[in-house]
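Colleague: I would like to learn how to read a structure like this one, feature by feature. Could we begin with what it means for a residue to be covered by the rest of the protein?

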Amino acid sequence: MSQSQPQNDVDLDPVTFEVLRSSFTNLVDRMAEQIQRTCYSFVIYNRDFSNCINDADGNTVMQGSKDIAVHVGTLHYTCKETLEYFEGNINPGDVYIINDPYAGGTHINDVRIMRPVFYEDELIAVTQSNGHWADVGGPAPGSFNIEAQSHFAEGMRIPPLKIWDSGEFQADVANLLTTNMRLSEDRLGDMRAQAEATRIAEERLLELVEKYGLETVKAAFDESKSYVERIMRERISELPDGTWRTKDHIDADPNKEEGLVTIDVEMTINGDEVHYDLSGSDEYVGNFLNSTFGTSFSALIAGTKMFFPDVPLNSGMYRVISADLPEGTVVNAPEPVAVTGSVAGAYEKVMNAIFELWSEVLPERAMACAFNLEYLLAGGTDRRPNRDGQEFMWYDWMAGGWGGRNGKDGSDATAPVFGAGLAVQSLEGQERDTPLLTKEHTIVTDSAGPGEFRGGCGVRKGGTLLECENSVISYCSDRSRSVTWGINGGLPGIPHGVSLTRNGDTEEMGTVFSNHPIEECNEFVRPSSGGGGFGDPLERDPEAVLEDVKDEYVSIERAEKDYGVVIEAIDPDVCAYEIDHEATEETRAYIRENRADWLEKDPQEIATRYRDGELNTLDLVRRYGVILDWASGELLERTTAQYRDMLHERARSEWE
């Protein structure tokens with residue numbers, strides 16, 4: 001037994017402990033099955049939810065085996081806040097609801113339902129379910145209002161409320177909440193599905209108490225946390241002490257001149273503990289890409305957990321990891337600053353920075369940057385037959401590429417790192433539910449960051465609106481400018497962004513906009529980036545590049561420009577290609593001799609060559625390190641300087 005926390009005076013033998021610990025995991029996974037089978041929202045059906053058991057103090061005892069990463073470090077904070085709020089008024093049959101991002105939560109779409117569990121009048125636990133509701137009100141369908149600078153412009157912020165009071169359903173409270181949300185019947189259905197999941201967990205937990213005794217179960221609660229703490233301390237103590245530091249960026253602050261927004265992460269290992277210091281990060285930005293304390297702490301936990309995949313996750317891990325997250329920064333925005341887009345903004349930047357830091361400490365598990373989470377949302381009036389002009393809401397996210405790894409290419413077309421258990425939504429299900437037709441869903445050639453081990457490939461998805469009216473579209477993403485980066489000499493992926501075509505005219509919309517009018521037959525396309533490359537691309541086996549060309553992961557043009565591999569197409573119809581080995585040696589020697597100088601070229605000259613059609617986007621982001629406003633072609637001087645600094649640190653320094 002761990003001595004770091006007081007234990008119950010119970011002799012908990014190893015077999016009983018392991019049985020109970022596994023039972024807790026199974027209990028939470030049963031909650032997940034209940035929600036997925038009874039939820040109303042297509043978003044929650046595709047696994048944007050998490051569950052846990054908390055002890056009577058709000059500490060997380062166990063989470064599920066497929067929970068979303070962004071929720072892992074926040075559920076205990078929310079539980080503690082709620083228990084404190086209702087202290088002295090917590091009763092059997094109560095069920096609470098909260099989505100407050102400033103009370104340990106993530107963003108207002110993540111709605112938590114909690115049920116206190118009593119045994120013989122003693123509060124012994126809280127069962128908790130968190131689901132991403134597809135809409136919680138506000139001016140934009142899906143509640144993703146990129147222009148919001150405070151939560152008042154985002155949607156319904158819910159402080160701790162009783163939705164069942166001593167077993168009595170509070171219909172007036174539920175109606176007040178859901179009436180202010182689009183598709184209110186769906187919201188009410190999701191609420192009931194989550195509440196039922198907490199009831200099933202309560203029932204199963206009480207069965208364990210009846211079978212093993214209350215003190216034994218409580219001892220297993222304590223030991224589950226101490227077990228995780230012991231493992232983490234043992235693993236950390238085996239690593240060298242030291243301090244490591246890196247930076248990642250959000251594309252821009254709309255309230256300031258152009259320039260990347262810095263997220264500075266410093267990690268210190270001291271004995272058997274890890275401390276993160278993010279005090280060098282910039283102040284919060286003038287849109288909703290900021291994180292709260294809870295969200296950023298979750299990113300630190302989830303990023304660390306990726307390098308210790310076999311360690312269970314509960315509050316025991318939080319005893320080993322500490323953090324400085326200064327209020328007022330982009331990683332700890334104060335109330336009432338907007339934070340609904342945090343996962344696409346500060347959260348994933350923190351998480352990818354953690355990947356890079358741990359890649360230095362544990363190089364055998366090293367991984368470059370993954371693509372950026374993105375959401376495309378559309379809403380309006382459905383005019384298809386038998387729809388009676390009802391409101392519709394289309395809420396979509398895509399897969400993309402994860403970073404190249406030490407000894408292995410990155411994962412292709414994978415869920416975003418914020419939620420590795422997240423499902424890619426069924427196109428057929430979307431088309432049945434909403435008046436949108438998906439016309440394209442394919443791997444994007446040349447999207448993967450070049451490296452000795454390339455990043456995983458991204459995906460392009462395009463569609464069009466069918467019979468509808470009064471429709472708008474919103475988009476939440478990033479990395480149009482802070483392009484997905486490689487490490488150890490690897491190169492970046494591709495910029496994110498949406499293009500919208502109407503009446504034959506195509507408009508580049510960028511990565512952040514809200515409530516843009518869209519009409520029937522308008523078409524939209526957006527790619528997700530591949531992951532960043534790992535290692536020098538000129539060290540990649542030419543045969544591996546040839547296979548990528550055959551698979552259409554890499555074009556012949558970029559095989560030569562990025563990898564220095566010259567490939568001749570003999571007969572593409574039968575996948576017949578050949579490597580010109582002599583030309584490959586010459587090309588690789590030429591790139592080695594010149595690539596450092598390319599990063600010093602006058603950015604204005606490079607921008608002019610781009611506008612003249614001599615260079616393309618990938619030439620700029622991979623060879624010359626120049627970032628433009630991709631819609632206008634205007635050079636972004638400060639952003640380019642910061643981007644080049646990143647390439648010097650992560651790529652050029654390794655080449656030399």
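Modeller: A residue counts as buried when its relative accessible area is under 20%, as exposed when that area is over 50%, and as partly exposed in between. Please keep in mind throughout that this is a predicted model. In strand 9, which spans residues 261-270, 7 of the 10 residues are buried, and the strand is thus described as mostly covered.

Colleague: Which strands pair with strand 9, and in which sense do they run?

Modeller: Two strands are said to pair if at least two bridges are found between them. Strand 8, residues 242-250, pairs with strand 9 in the antiparallel sense over 9 bridges, and within that pairing aspartate 248 has isoleucine 263 as its bridge partner. Strand 10, residues 273-277, also runs antiparallel to strand 9 and is joined to it by 5 bridges, with threonine 268 standing opposite histidine 275.

Colleague: What links strand 9 to strand 10, and which turn residue has a positive phi?

Modeller: The two strands form a hairpin with 2 residues between them, and glycine 271 in that turn has a positive phi of about 70 degrees.

Colleague: Where else could I practise reading a hairpin?

Modeller: Look at strand 6, residues 161-165, and strand 7, residues 168-169, which run antiparallel and are joined by 2 bridges. Tryptophan 164 has phenylalanine 169 as its bridge partner in strand 7. Here too a hairpin is formed with 2 residues between the strands, and serine 166 in the turn has a positive phi of about 55 degrees. Strand 6 also pairs with strand 3, residues 95-98, in the antiparallel sense over 3 bridges, where lysine 162 is the bridge partner of tyrosine 96.

Colleague: Which residues that are not glycine have a positive phi, and where are they found?

Modeller: One of them is asparagine 515, with a positive phi of about 55 degrees, which is found in strand 19, residues 512-518. Another is glutamate 552, whose positive phi is about 65 degrees and whose place is the loop between helix 11 (542-550) and helix 12 (556-563).

Colleague: Is glutamate 552 buried or exposed, and how should I class asparagine 515?

Modeller: Glutamate 552 counts as exposed because its relative accessibility is 56%, which is over the 50% cut-off. Asparagine 515 has a relative accessible area of 27%, so it is classed as partly exposed.

Colleague: While we are on the backbone, which peptide bond should I inspect for a cis geometry?

Modeller: Inspect the bond from glutamate 335 to proline 336, which is cis, with omega near 5 degrees. You will find proline 336 in the loop between strand 11 (321-324) and helix 9 (343-361).

Colleague: How do I read the surroundings of a single buried residue, and what does histidine 76 contact?

Modeller: It helps to take the accessible area together with the contacts, where contact means heavy atoms within 4.5 Å. Histidine 76 lies in helix 3, residues 75-85, and is classed as buried because its relative accessible area is 5%. Leaving aside its neighbours within four places in sequence, histidine 76 is in contact with Asn54, Gly58, Asn59, Thr60, Phe297, Ser315 and Tyr318.

Colleague: Is isoleucine 44 buried or exposed?

Modeller: Isoleucine 44, found in helix 2 (residues 42-45), counts as buried because its relative accessibility is 1%. Its contacts beyond four places in sequence include Ile35, Phe49, Trp133 and Gln194. As an exercise in separation, isoleucine 44 and aspartate 536 are 492 residues apart in sequence and 40 Å apart in space, C-alpha to C-alpha.

Colleague: Why does the radius of gyration of the whole protein agree with that of a compact globule?

Modeller: A compact globule of 656 residues would have a radius of gyration near 26 Å, and the protein has 25 Å, so the two agree. The C-alpha atoms fill a box of roughly 80 × 65 × 50 Å along the principal axes, and 62% of the 656 residues count as buried. Among contacts between residues at least 6 apart in sequence, 72% join residues at least 24 apart.

Colleague: How many helices and strands does the protein have?

Modeller: Its secondary structure comes to 16 helices and 24 strands.

Terms used: Residues numbered from 1 in each chain as written. Predicted model: local features only at pLDDT ≥ 70, side-chain atom pairs only at ≥ 80, totals over all residues. Heavy atoms only, no water. Buried < 20%, exposed > 50% of the residue type's maximum accessible area, 1.4 Å probe, protein only. Helix = DSSP H or I, 4+ residues; strand = E, 2+ residues; numbered from the N terminus. Rg over C-alpha atoms; globule rule 2.2 N^0.38 Å.
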